[in-house]
Amino acid sequence: MSRNNAPTGRVGRPPVTSRTQILTAARRLIDQDGWEKLTIRRLAAEIGIGATTLYHHVRDKEDLLFLLIQEYAEQIPHPELPDEPRDRIVAATAAIHDSLAAWPWAAEVLTADGFVARLGHSALGLVETVVAGAVDHGCTPEQAVQVFRSVWYYSVGEILVRAHSARSRAEYARTADRAAAPAAVDTSGLPPHMAAVADQWATLSWQDTYRQGLEAFVDGLLAQAASATTQGRNG
């Protein structure tokens with residue numbers, strides 16, 4: 001081949017390292033083996049590039065996880081918001097909870113304080129709805145932040161307890177079926193009130209009471225804030 005006819009330009013594997021490809025591959029690995037086993041080196045191998053190249057796109061594993069969460073948060077559907085501030089708090093918090101329940105590893109990553117600064121505009125909109133609802137209900141801005149933190153802790157805790165359970169929903173159902181026979185439950189070492197519901201415990205513990213608990217929790221938080229404000233004025 002003459003010099004003039006020789007191929008020109010880059011040869012070999014093209015640099016296929018767009019953000020979409022990186023995040024798609026990362027989600028695939030998380031779905032397969034969990035977020036704890038995700039590493040930059042393993043992700044680079046999955047994509048077919050060097051780890052050094054990947055570091056041009058993400059700083060570290062934490063940065064990668066937050067990019068995934070931000071992308072996911074942008075897809076969270078915003079609920080129709082009621083007129084009452086209390087109901088807006090409940091609706092926005094439930095929307096956050098329900099979205100993360102489908103992706104519980106993200107809830108675990110977000111357990112660190114200071115996560116709000118890393119969220120995208122869509123998720124921040126729901127956080128703002130909770131805070132604004134508390135202020136509109138009569139809370140001070142400081143109390144509104146505490147309302148959000150409290151309902152966030154409740155929500156993420158509920159998600160993680162369910163996600164970390166060693167048994168699936170079907171296994172809970174099978175346990176409940178076995179517990180239906182009195183002889184299947186040993187209550188000898190249980191306190192009396194627990195012993196009285198031992199045969200129903202597995203079934204009751206898996207019931208979805210999140211929304212009821214959230215509403216009661218929000219009512220208590222708002223009442224507590226109102227009481228504190230009244231005492232402050234009278235003091």
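**Core and surface of a predicted all-helix chain**

Tutor: This predicted model exposes about 14,100 Å² of protein chain, and carbon and sulfur atoms supply 53% of that area.

Student: How many helices and strands does the protein chain have?

Tutor: Read along the sequence, the pattern is α-α-α-α-α-α-α-α-α-α-α-α. Every element in that pattern is α. The count is 12 helices and 0 strands.

Student: What share of the residues of the protein chain counts as buried?

Tutor: Buried means under 20% relative accessible area. The protein chain has 235 residues. The share that counts as buried is 35%.

Student: Which helix gives the most to the largest nonpolar core?

Tutor: The largest nonpolar core holds 57 residues. Leu-43, Leu-54, Leu-64 and Trp-105 touch the most other members. The most residues, 8, come from residues 141-163, helix H8.

Student: Which residues does Leu-43 touch, leaving out those up to four places away in sequence?

Tutor: Leu-43 is one of the core residues that touch the most other members. Contact here means heavy atoms within 4.5 Å. With residues up to four places away left out, the list is Ile-22, Ala-25, Ala-26, Leu-29, Leu-38, Leu-54 and Leu-64.

Student: Of contacts between residues at least 6 apart in sequence, what share joins residues at least 24 apart?

Tutor: The count covers the protein chain and takes contacts between residues at least 6 apart. Those joining residues at least 24 apart make up 70%.

Student: Is Trp-201 buried or partly exposed?

Tutor: Trp-201 lies in helix H11, residues 201-206. Together with Leu-190 and Met-194, Trp-201 makes a nonpolar surface patch of about 270 Å². Its relative accessible area is 45%, so Trp-201 is partly exposed.

Technical notes
Residues are numbered from 1 along each chain as its sequence is written. This is a predicted model: local features need pLDDT of at least 70, side-chain atom pairs count only at pLDDT 80 or more; totals for chains, interfaces and linings use all residues. Side-chain values use heavy atoms; hydrogens and water are left out. A nonpolar core is a set of buried Ala, Val, Leu, Ile, Met, Phe, Trp, Tyr and Cys residues joined through side-chain atoms within 4.5 Å. Buried means under 20% relative accessible area, exposed over 50%, partly exposed in between (1.4 Å probe, protein chains only). Helices (H or I, at least four residues) and strands (E, at least two) are DSSP runs, numbered from the N terminus. Patches are made of residues with over 30% relative accessible area and no salt bridge: like charges are joined within 9 Å, nonpolar side chains (Val, Leu, Ile, Met, Phe, Trp, Tyr) within 5 Å. Accessible areas come from the Shrake-Rupley method with a 1.4 Å probe; for residues, only the protein chains shown count as cover. A salt bridge is a side-chain nitrogen of Lys or Arg within 4 Å of a carboxyl oxygen of Asp or Glu.
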